[in-house]
Amino acid sequence: MKVAVAGCCHGALDKMYETLELLQRRHNVRPDLLLCCGDFQAVRNEADLRCMAVPAKYRHMQTFYRYYSGEKKAPVLTVFIGGNHEASNHLQELPYGGWVAPNIYYLGYAGVVRFRGVRIGGISGIFKSHDYRKGHFECPPYNQQTIRSAYHVRNIEVFKLKQLKRPIDIFMSHDWPRSIYHYGNKKQLLKMKSFFRQEVESNTLGSPAASELLQHLKPTYWFSAHLHVKFAAFMQHETNSKEELPKATKFLALDKCLPHRDFLQIIDVEHDPSAGDSLEYDAEWIAVLKATNSLINVTQSSWNMPEKNGLHAKWDYSVTEEAIKEVLEELNHDLKIPCNFTLTAACYDPSKPQKHMEPVHTINPQTTEFCAQFGLTDINDRIQQAKEEGSGRGECEEEEEEEMDSTGSAEEPSEYNTDNSGLSSFNPDEIMLDEEGGDEDLSTCSVDPSPDHPPEFSTSFSDIRIMPDSMVVSSDDAMDSNNEELEKSGGSKQVEEKNPLSTERSLKRIGGDENGNSGVKKIKRRNQAIYAAEDEDKTD
């Protein structure tokens with residue numbers, strides 16, 4: 001089957017789906033599934049905009065609300081993970097995954113589903129060490145710390161995924177697995193994004209948690225986004241025994257969804273022809289959720305997952321074939337995910353803007369139904385209970401959060417030796433601007449005044465490539481020249497016209513002293529470059 005993969009969507013659903021329709025008209029290629037690697041921005045209304053951790057000038061309603069309201073319907077089944085620029089209050093309603101609109105499915109904090117026999121997994125958010133060992137304690141209304149920590153990856157999600165034993169076909173993460181750049185054309189990457197050099201050379205670019213999952217799961221494909229650049233790599237995994245067959249992962253990072261960007265990729269994936277066209281639960285994943293349910297934590301206290309160190313009576317939560325069989329029997333062998341989408345918030349009305357709409361903590365009926373069916377803890381219900389009991393986010397906890405420095409670092413030990421969250425020159429994860437307060441007045445934020453008149457659609461069709469059957473990418477820098485030729489040729493049959501705007505633009509850095517004192521707003525250099533490029537795209 002044909003699978004389309006997109007990078008950071010940033011709410012531009014119309015753009016994505018129009019591009020797919022153009023692909024079908026011009027080349028008779030119709031994807032069966034669309035995957036989106038985060039920054040989807042499922043914004044339903046002005047309150048959701050308040051819960052999105054971006055500077056005010058980047059808060060736009062975009063077009064998701066039309067799909068949420070039913071005005072439009074996604075023309076292809078869409079599965080996505082969360083990134084670091086999301087309506088966190090909306091996605092938080094669905095910690096185990098669920099429908100955010102008809103035909104658009106969110107994988108949750110972490111999740112695994114099946115489509116036509118293809119096993120698809122993913123983890124939402126980005127890695128920050130100071131939040132990694134905390135529970136999911138955040139809930140709206142968020143403060144300036146929790147609006148960010150809400151999308152930080154937690155160790156419990158990584159732990160759950162590491163209990164999986166059966167092969168994964170496709171896996172998605174928003175930020176890149178750390179070290180993956182050593183398995184691709186690193187020279188070309190640094191030519192396109194020179195401000196990555198310091199972190200690439202110090203091996204601090206990307207997520208160590210995602211790298212751990214990559215080494216454990218060994219999926220056939222791994223897709224990421226976040227850094228707004230296209231990059232391919234090929235990683236051959238080490239075998240644990242002579243009997244184990246060698247495995248390899250084809251990694252691809254996608255660019256963001258903007259005109260004149262190569263943001264969509266089409267791949268052919270082997271599937272089960274006898275399988276239906278419905279999205280399905282994964283029985284092993286459901287069994288893992290049941291097995292790890294007792295580990296749920298909704299406090300911001302840090303703790304480690306069980307491990308074989310003499311401190312835990314149980315450390316292996318992987319499931320038996322018998323446990324998987326029990327899940328199948330509970331479902332009467334019908335794994336189809338019910339189409340039980342429900343509106344849980346008012347939808348944006350362009351004729352009646354409500355700039356001061358406040359976010360509320362909502363328990364989604366989909367999550368209630370899912371937890372009841374499988375005997376799981378409803379995380380949001382547990383948070384509500386904790387708040388009512390006075391053990392939720394209190395004043396002392398907020399003060400504790402405020403002691404963190406401006407980059408979000410905290411003096412907490414991490415199970416990873418190297419952490420980039422405190423680097424003074426670069427921030428690989430978040431956009432950190434002085435104007436990025438989560439509690440600022442939405443009257444200063446931008447809500448598109450004319451959503452019914454979107455920007456003119458690019459007819460150059462420069463946004464799609466057909467992926468080759470295999471990606472031959474070497475980690476040896478001596479092979480860079482060969483890979484540059486592959487990069488120039490697109491590595492595949494291109495289905496777009498050459499675009500003169502695709503060349504890398506030179507970008508200036510904002511300097512300052514070691515204390516961050518400068519006459520301008522502090523923007524991490526990488527993010528400054530990325531967003532400067534975005535501003536140029538918008539003016540082109």
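Strands here are DSSP runs of E, at least two residues long, numbered from the N terminus. With that settled, load the predicted model and start with a strand.

**Stop one: Ala248**

Select residues 248-253, which make up strand E11, and pick out Ala248 in that strand. Is Ala248 buried, exposed or partly exposed? Its relative accessibility is 24%, so Ala248 counts as partly exposed, given that buried means under 20% and exposed over 50%. Now add His237: 11 residues separate it from Ala248 along the chain, yet their C-alpha atoms are 5.5 Å apart. To see what else surrounds Ala248, show its contacts beyond four places in sequence: Pro219, Thr220, Phe234, Met235 and Gln236, along with His237.

**Stop two: the nonpolar core**

Next, select Phe40, Ile104 and Phe223. These residues touch the most other members of the largest nonpolar core, which has 119 residues. Then colour helix H11, residues 283-291; with 6 residues, this helix gives the most to that core. As background, nonpolar side chains in soluble globular proteins tend to be buried together.

Zoom in on Phe223. Setting aside neighbours within four places in sequence, Phe223 is in contact with Val5, Leu35, Cys37, Ile170 and Phe171, and also with Met172, Ser173, Leu252, Leu254 and Ile267. Apart from the largest core lies another one, of 9 residues; Val43, Met52, Met61 and Tyr348 are among them.

**Stop three: the cysteines**

Stay with Cys37, one of the contacts of Phe223. Cys37 is buried, at 0% relative accessible area. Why does Cys37 form no bond with the closest cysteine sulfur? That sulfur belongs to Cys36 and sits 6.5 Å away, so it is too far for a bond; the cut-off for a disulfide is 2.5 Å. Across the model, the disulfide count is 0. For a contrasting cysteine, jump to Cys339, which is exposed at 70% relative accessibility.

**Stop four: the largest cavity**

Finish with the empty space. How many cavities of 30 Å³ or more does the whole structure hold? The search finds 11, and the largest has about 170 Å³ of space. To get there, select Tyr106, Tyr109, Ser124, Ala150 and Tyr151, the residues nearest its centre out of the 17 that line it. By class, the lining is 6 nonpolar, 8 polar and 3 charged residues. Last, highlight helix H4, residues 88-92: this helix gives the most to the lining of the largest cavity, with 3 residues.

Definitions and conventions:
Residues are numbered from 1 along each chain as its sequence is written. This is a predicted model: local features need pLDDT of at least 70, side-chain atom pairs count only at pLDDT 80 or more; totals for chains, interfaces and linings use all residues. Side-chain values use heavy atoms; hydrogens and water are left out. A nonpolar core is a set of buried Ala, Val, Leu, Ile, Met, Phe, Trp, Tyr and Cys residues joined through side-chain atoms within 4.5 Å. Buried means under 20% relative accessible area, exposed over 50%, partly exposed in between (1.4 Å probe, protein chains only). Helices (H or I, at least four residues) and strands (E, at least two) are DSSP runs, numbered from the N terminus. Contact means heavy atoms within 4.5 Å. On a 1 Å grid over the protein atoms alone, a cavity is a set of points where a 1.4 Å probe fits but cannot get out, and a pocket is an open set with protein on both sides within 12 Å along at least five of seven lines; lining residues have an atom within 4 Å of a point. Grid points are joined across faces, edges and corners, and a volume is the space filled by probe spheres set on the points. Ala, Val, Leu, Ile, Met, Phe, Trp, Tyr, Cys and Pro count as nonpolar, Asp, Glu, Lys and Arg as charged, and the others, Gly among them, as polar.
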